[in-house]
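The following exercises train the reading of a protein model. Each task is followed by a solution in steps.

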Amino acid sequence: MPGRIATVSHLRSEKYDLRIFEILPLYIKMAVIEEGSVLWSRVILELYEYFYPFRREWDDQKHRHDLSPGEMRELIAAARRARAGGGP
């Protein structure tokens, strides 16, 4: 991640803190990428390249965020049973 931080570290401003993107949870980063608007970019393709690793990571994890309430209850119950020694 040092390369990414170096990429945005020169963009400091009294008004904006663009480096905060680096520490956001992945699902919020993806909301910014998918729903946000680009205000300015010197080279838009470089911005898309910067976002690419976040998109790949999200593709690997997205299914975990799409659980229904019933599926979530089942996972929590199974984890509690496993912790209590009751098995799956």
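**Exercise 1.** What percentage of the 88 residues in the protein do buried residues make up?

*Solution.* The model under study is predicted. A residue counts as buried when its relative accessible area is under 20%. Buried residues account for 12% of the 88 residues. As for the surface, the protein exposes about 7,400 Å², and carbon and sulfur atoms supply 56% of this area.

**Exercise 2.** Determine how many helices and strands the protein has, and state the pattern along the sequence.

*Solution.* Step 1: the protein contains 4 helices and 0 strands. Step 2: read along the sequence, these elements give the pattern α-α-α-α. Step 3: turn to the contacts between residues at least 6 apart in sequence; 45% of them join residues at least 24 apart.

**Exercise 3.** Identify the residues of the largest nonpolar core and the helices that supply them.

*Solution.* Step 1: the largest nonpolar core consists of 8 residues, namely Phe 21, Leu 26, Met 30, Ile 33, Tyr 50, Phe 51, Phe 54 and Trp 58. Step 2: at least two residues of this core come from each of helix 2 (26-35) and helix 3 (44-65). Step 3: helix 3 gives the most, with 4 residues. Step 4: the buried residues of helix 3 are Tyr 50, Phe 51, Phe 54 and Trp 58. In an α-helix there are 3.6 residues a turn, so residues three or four places apart point the same way.

**Exercise 4.** Which residues does Met 30 touch, not counting residues up to four places away in sequence?

*Solution.* Met 30 touches Glu 35, Phe 54, Arg 55 and Trp 58 under this condition. Among these partners, Phe 54 and Trp 58 are themselves members of the largest nonpolar core.

**Exercise 5.** Where does helix 3 bend, and how are Ile 44 and Leu 47 classified by accessibility?

*Solution.* Step 1: helix 3 bends by about 45 degrees at Asp 59. Step 2: Ile 44 lies in helix 3 and counts as partly exposed because its relative accessibility is 34%. Step 3: Leu 47 also belongs to helix 3; its relative accessibility is 21%, and therefore Leu 47 counts as partly exposed. Step 4: leaving aside neighbours within four places in sequence, Leu 47 is in contact with Val 38 and Ser 41. Step 5: Val 38 also takes part in a nonpolar surface patch of about 440 Å², together with Val 43, Ile 44, Leu 45 and Tyr 48.

Notes
Residues are numbered from 1 along each chain as its sequence is written. This is a predicted model: local features need pLDDT of at least 70, side-chain atom pairs count only at pLDDT 80 or more; totals for chains, interfaces and linings use all residues. Side-chain values use heavy atoms; hydrogens and water are left out. A nonpolar core is a set of buried Ala, Val, Leu, Ile, Met, Phe, Trp, Tyr and Cys residues joined through side-chain atoms within 4.5 Å. Buried means under 20% relative accessible area, exposed over 50%, partly exposed in between (1.4 Å probe, protein chains only). Contact means heavy atoms within 4.5 Å. The bend at a residue is the angle between axes fitted to the seven residues ending there and the seven starting there. Accessible areas come from the Shrake-Rupley method with a 1.4 Å probe; for residues, only the protein chains shown count as cover. Patches are made of residues with over 30% relative accessible area and no salt bridge: like charges are joined within 9 Å, nonpolar side chains (Val, Leu, Ile, Met, Phe, Trp, Tyr) within 5 Å. A salt bridge is a side-chain nitrogen of Lys or Arg within 4 Å of a carboxyl oxygen of Asp or Glu.
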